[in-house]
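User: I want to check the labels on this model. Please justify each one against its cut-off.

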Amino acid sequence: MHDEPLDLSPLRPALPSPLRPAEDERFARYGVTLLLKRDDLIHPDLPGNKWRKLAPNLRDAGGRTVLTFGGAYSNHLRATAAAGRLLGFPTVGVVRGDELAGRPLNPSLAQCAADGMRLHFVDRTTYRAKAAPEVLDGLLSLFGPCVVIPEGGSNALAAQGCAELGRELRGRTGTVAVACGTGGTLAGLAAGLGPGQRALGIPVLRGGFLGDAVRTLQRETFGAPAGRWTLDERFHFGGYARTTPELEAFAEDFEDRHGLPVERLYVAKLLYGLTVLAGEGAFAPGSTVTAVVTGSPWDGRTPGHAVSDSR
């Protein structure tokens, strides 16, 4: 029996998120206007695409136990755990790397545990097979009935949630760019945009697999390809969670110019990529480009914020 949809209104999300201009001569000299879609301001514990992807999944879960997956520093695990704390449903986090089981928790996993998430560490081979029926059956036999949300939250419900991001930007920009991990945000964003608009994805992982993932997710969600979208795979800086001194210097400079705290693993790579593309003439003079700020730097704070926390 399916429970009633979970009411998320107590979280008081700030929607639609603000769309703000960013005066930057690196774009202006080419006649390009840069806008920032501040999805990082939607909610302090479920910012950006975490809200967009998790909200429809959590409504559908109806307060039942949610089991999901992530690495040792997963933003997705932290957001899921925080939602469980704030709304009162149990959470289980399956963490990549069984070598972590006997060690003190890092600050990110400690945050998850403090928010009530049960952490279960698995070896990397098992983690790669996490969608296999025998792996899922083993987890459900261990933890009991759970609603399973995939790594990064990217499934058909998530893509539907991210389509709302595209709808919020209809008629307001030509190109909408977003950093990509598992592809759910790009898949939904492109579907929600209007005629004449396009979505640009900047993958933060190496491997060239993301195009297939986005196409598959769009078929599962919308029944066919949806919207115009492209990928530029040049700006991963070595892969997930990898940065370089050049990227760090760029992020610090962007923060100084615009007063925006720049998250390094996703947002910095997006903004760097857009700056390079503007210099290459990828955007026509007179056009508008919007960067989706999907998250903010995590400060390792302790849990316990009230639901009404409006930061």
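User: Why does Arg26 count as buried?

Analyst: This is a predicted model. Arg26 has a relative accessibility of 12%. Buried means under 20%, so Arg26 counts as buried.

User: What makes the contact between Asp24 and Arg26 a salt bridge?

Analyst: Their side chains meet at 2.8 Å, N to O. The cut-off is within 4 Å, between a nitrogen of Lys or Arg and a carboxyl oxygen of Asp or Glu. The value of 2.8 Å meets that cut-off, so the pair is a salt bridge.

User: Is Asp24 buried or exposed?

Analyst: Asp24 is buried. The relative accessible area is 4%, and the limit is under 20%.

User: Which residues share a salt-bridge network with Asp24 and Arg26?

Analyst: Glu25, Asp253 and Arg257 are linked with them. The structure holds 20 salt bridges.

User: How do you know that Arg52 and Glu168 form a salt bridge?

Analyst: The closest N and O atoms are 3.0 Å apart. The definition asks for within 4 Å, so the pair qualifies. Arg52 lies in helix 2 (residues 48-61) and Glu168 in helix 7 (residues 156-168), so the bridge ties together parts 116 residues apart in sequence. Both Arg52 and Glu168 are buried.

User: What makes Arg96 and Glu151 a salt bridge?

Analyst: Here the closest N and O atoms are 3.6 Å apart. The limit is within 4 Å, so this pair also counts. The pair links distant parts of the chain. Arg96 is in strand 4 (residues 91-96). Glu151 is in the loop between strand 6 (147-148) and helix 7, and the two residues are 55 apart.

User: Why are Arg96 and Glu151 called partly exposed?

Analyst: Arg96 has a relative accessible area of 28%. For Glu151 the value is 27%. Buried needs under 20% and exposed needs over 50%, with partly exposed in between. So Arg96 is partly exposed, and so is Glu151.

User: How do you know that Ser108 is buried?

Analyst: Ser108, in helix 4 (residues 107-114), has 1% relative accessibility. The limit is under 20%, so Ser108 counts as buried.

User: What makes the pairing of Ser108 with Arg78 a polar contact?

Analyst: The two side chains make a contact at 2.8 Å. The cut-off for N or O atoms is within 3.5 Å, so the distance fits.

User: Which residues does Ser108 touch, leaving out those up to four places away in sequence?

Analyst: Ser108 touches Ala72, Tyr73, Ser74, Arg78 and Trp298.

Definitions and conventions:
Residues numbered from 1 in each chain as written. Predicted model: local features only at pLDDT ≥ 70, side-chain atom pairs only at ≥ 80, totals over all residues. Heavy atoms only, no water. Buried < 20%, exposed > 50% of the residue type's maximum accessible area, 1.4 Å probe, protein only. Helix = DSSP H or I, 4+ residues; strand = E, 2+ residues; numbered from the N terminus. Polar contact = N/O pair within 3.5 Å; in protein donor to acceptor, adjacent residues only side chain to side chain. Contact = heavy atoms within 4.5 Å.
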